[in-house]
Amino acid sequence: MILILILMLMFSDAKVTFDHNSNEAANRNFKFKNIASPAKDDAATKAKLTLIDGELDQGGADLPALTDGRLPRDEDEPAANVFFRAGSSGGRFRMDFGVPIDITFVNTYSWHPGTRGPQLYKLYGADGSDPKFNPDPKRGVDPATCGWKLIALVSTLSDRGEEGGQYAASVSSAGKHRYLLFDCYVTELHDNWGNTFYSEIDVIVKN
């Protein structure tokens, strides 16, 4: 079953679109009805990724796996996904493009047969010009108070009880930014396995 949700955000011009492939429909091609499959030559492939807060799970991949264009071949392949330590509340990481770029889409992809499939994060952007700019705001610091702009709240959580499968989230009209900040949260608190298996992040620029 394909799940499509469109959310217009009051605090931003951004539009967030979600797509979902059930466990039965998911495969290594990451094909969705309304969101493009992951690209191999987008702007994110040249960006520098930095962990700001939280601890990545030792059983998973390092941050560069998010932008290398390589996708998991299986629904439960920890080494091909980036996720925060089991039992933790998530964390933050930064993407740096070196110079401000005009971002048309930020697409995030995840895949897991259970509760590590859905996505829940806040996306911030910054050009670095604010005198108060802090490139490394830890948890407990609101990025909006130190030079960051809240672009979107992304949540693919379903009220139908659906959890597993492949998820794609696309944030359009993100704006012109040098930096993107991903503030990732757990999708459930029933056990220690609520941190999403993030498979890939694409950043598509204007033109």
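Colleague: Which residues does histidine 177 touch, not counting residues up to four places away in sequence?

Modeller: This is a predicted model, in which local features need pLDDT of at least 70, side-chain atom pairs count only at pLDDT 80 or more, and totals for chains, interfaces and linings use all residues. Residues are numbered from 1 along each chain as its sequence is written, and side-chain values use heavy atoms, with hydrogens and water left out. A contact means heavy atoms within 4.5 Å. With residues up to four places away in sequence not counted, histidine 177 touches Phe97, Val99, Pro100, Ile101, Ile103, Gly125, Ala126 and Ile151.

Colleague: Is histidine 177 buried or exposed?

Modeller: Buried means under 20% relative accessible area, exposed over 50%, and partly exposed in between (1.4 Å probe, protein chains only). Histidine 177 has a relative accessible area of 6%, so it is buried.

Colleague: Where does the side chain of histidine 177 have a polar atom 3.5 Å or less from a backbone atom?

Modeller: A polar contact is a pair of N or O atoms within 3.5 Å; within protein, one must be able to donate a hydrogen and the other to accept it, and residues adjacent in sequence count only if both atoms are side-chain atoms. For histidine 177, a polar atom of the side chain lies 3.3 Å from the backbone nitrogen of alanine 126.

Colleague: In which strand does histidine 177 lie?

Modeller: Strands (E, at least two residues) and helices (H or I, at least four) are DSSP runs, numbered from the N terminus. Histidine 177 belongs to strand S7. Of the 20 residues of S7, 16 are buried, so this strand is largely enclosed by the rest of the structure.

Colleague: Which strands pair with S7, and over how many bridges?

Modeller: Two strands pair if DSSP finds at least two bridges between them. S4 and S7 run antiparallel and are joined by 17 bridges. S2 pairs with S7 in the antiparallel sense over seven bridges, and strand S5 (residues 120-126) does so over six. To find these pairings in the model, start from single partners: threonine 108 has alanine 169 in S7 as its bridge partner, and valine 106 has valine 171. Valine 171 also stands opposite valine 16. For lysine 122, the partner in S7 is aspartate 183.

Colleague: How many residues of S4 are buried?

Modeller: S4 is mostly covered, with 16 of its 22 residues buried. Besides S7, S4 has antiparallel partners in S3, through five bridges, and in S8, over seven. Leucine 49 stands opposite methionine 95 in S4, and serine 110 stands opposite tyrosine 198 in S8.

Colleague: Which residues lie nearest the centre of the largest pocket?

Modeller: Rolling a probe the size of a water molecule over the atoms shows where empty space is left. On a 1 Å grid over the protein atoms alone, a pocket is an open set of points where a 1.4 Å probe fits, with protein on both sides within 12 Å along at least five of seven lines; lining residues have an atom within 4 Å of a point. Here 14 residues line the largest pocket, and Ile35, Ala36, Phe105, Asn107 and Ser170 lie nearest its centre. The elements that give two or more residues to this lining are S2, strand S4 (91-112), strand S7 (165-184) and strand S8 (198-205). S4 gives the most, with three residues.

Colleague: Where does threonine 45 lie?

Modeller: Threonine 45 is in the loop between strand S2 (15-21) and strand S3 (48-53). Its relative accessible area is 30%, so threonine 45 is partly exposed. The side chain of threonine 45 reaches the backbone oxygen of aspartate 42 at 2.7 Å. Not counting residues up to four places away in sequence, threonine 45 touches Lys40 and Thr67.

Colleague: How far apart are serine 155 and tyrosine 121 in sequence and in space?

Modeller: Serine 155 and tyrosine 121 are 34 residues apart in sequence and 6.6 Å apart in space, C-alpha to C-alpha. Serine 155 lies in strand S6 (residues 149-155) and counts as partly exposed at 25% relative accessibility. A polar atom of its side chain lies 3.5 Å from the backbone nitrogen of leucine 157. Beyond residues up to four places away in sequence, serine 155 touches Phe18, Gln119 and Leu120.
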